[in-house]
Amino acid sequence: MLGWALTFLIIALIAAALGFGGIAGASAGIAQILFVIFLILFVVAMVARAIRGKPPV
């Protein structure tokens, strides 16, 4: 998930540098959404791991 977020971020940066504002904005929005989903899933995984008795990484 984090890999996809970084990929869309790179696409957004390249598109912005080349002047494609619409594509850059859409790619940046997708990257933000994927990053938030990644953070939520990461926190859920850490909480689940802590509840099972294993210390967080």
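## Exercises on a two-helix chain

Leaving aside residues up to four places away in sequence, Ser27 touches Phe8, Ile11 and Ala12, where contact means heavy atoms within 4.5 Å. The model is a predicted one: local features need pLDDT of at least 70, side-chain atom pairs count only at pLDDT 80 or more, and totals for chains, interfaces and linings use all residues. Residues are numbered from 1 along each chain as its sequence is written, and side-chain values use heavy atoms, with hydrogens and water left out.

### Exercise 1: the whole chain

Find how many helices and strands the protein chain has, then compare its radius of gyration with that of a compact globule of 57 residues.

*Solution.*

Step 1. The secondary structure comes to 2 helices and 0 strands. These are DSSP runs (helices: H or I, at least four residues; strands: E, at least two), numbered from the N terminus.

Step 2. For a compact globule of 57 residues one would expect a radius of gyration near 10 Å, but this chain has 16 Å. The radius is taken over C-alpha atoms, and the globule rule is 2.2 Å times the number of residues to the power 0.38.

Step 3. Now look at the principal axes: the C-alpha trace spans about 50 × 15 × 10 Å along them.

Step 4. Finish with the surface. About 4,200 Å² is exposed, and carbon and sulfur atoms supply 81% of that area (Shrake-Rupley method, 1.4 Å probe; for residues, only the protein chains shown count as cover). Of the 57 residues, 12% count as buried; buried means under 20% relative accessible area, exposed over 50%, and partly exposed in between (1.4 Å probe, protein chains only).

### Exercise 2: helix H1

Check the length of helix H1 (residues 2-18) against 1.5 Å a residue, and work out where its buried residues lie around the axis.

*Solution.*

Step 1. The 17 residues of H1 should span 24 Å, and the end C-alpha atoms are 24 Å apart, which agrees. The expected span is 1.5 Å times one less than the number of residues.

Step 2. List the buried residues of H1: Ala5, Ala12 and Ala15. Viewed down the helix axis, the buried residues of H1 fall within an arc of 90°, so they line one face; the arc is that of the directions from the axis to the C-beta atoms.

Step 3. Turn to the other side of H1, where Leu13, Ala17 and Leu18 are exposed.

Step 4. Just after H1 comes Gly19, with a positive phi of about 95°.

### Exercise 3: helix H2 and its partner

Determine which residues of H2 are buried and what they pack against.

*Solution.*

Step 1. Begin with length: H2 has 31 residues and reaches 45 Å from its first C-alpha to its last, close to the 45 Å expected at 1.5 Å a residue.

Step 2. The buried residues in H2 are Ala24, Ser27, Ala31 and Leu34. Ser27 has a relative accessible area of 6%.

Step 3. The packing can be read from either helix. The buried residues of H2 pack against H1, and the buried residues of H1 pack against H2 (21-51).

Step 4. Following H2 is Gly53, whose phi is positive, near 100°.

Step 5. Add the annotation: an unreviewed UniProt entry labels residues 29-51 "transmembrane region". UniProt positions are in the numbering used here, feature names are shortened, and annotations may be inferred rather than shown by experiment. In the model, residues 29-51 are 100% helix and 0% strand, with end C-alpha atoms 33 Å apart.

### Exercise 4: separation in sequence and in space

For Leu2 and Leu34, Thr7 and Ala31, and Ile14 and Ala24, give the C-alpha distance of each pair.

*Solution.*

Step 1. Leu2 lies in H1 and is partly exposed at 32% relative accessibility. Leu2 and Leu34 are 32 residues apart along the chain, with their C-alpha atoms separated by 7.2 Å. Leu2 also touches Phe35 and Phe38, not counting residues up to four places away in sequence.

Step 2. Thr7, another H1 residue, is partly exposed at 35%. Thr7 and Ala31 are 24 residues apart in sequence and 7.8 Å apart in space.

Step 3. Ile14 is in H1 too and is partly exposed, at 47%. Ile14 and Ala24 are 10 residues apart in sequence, with 7.8 Å between their C-alpha atoms.

Step 4. For contrast, try Ala28, which lies in H2 and is partly exposed at 29%. Ala28 and Val47 are 19 residues apart in sequence and 29 Å apart in space, C-alpha to C-alpha.
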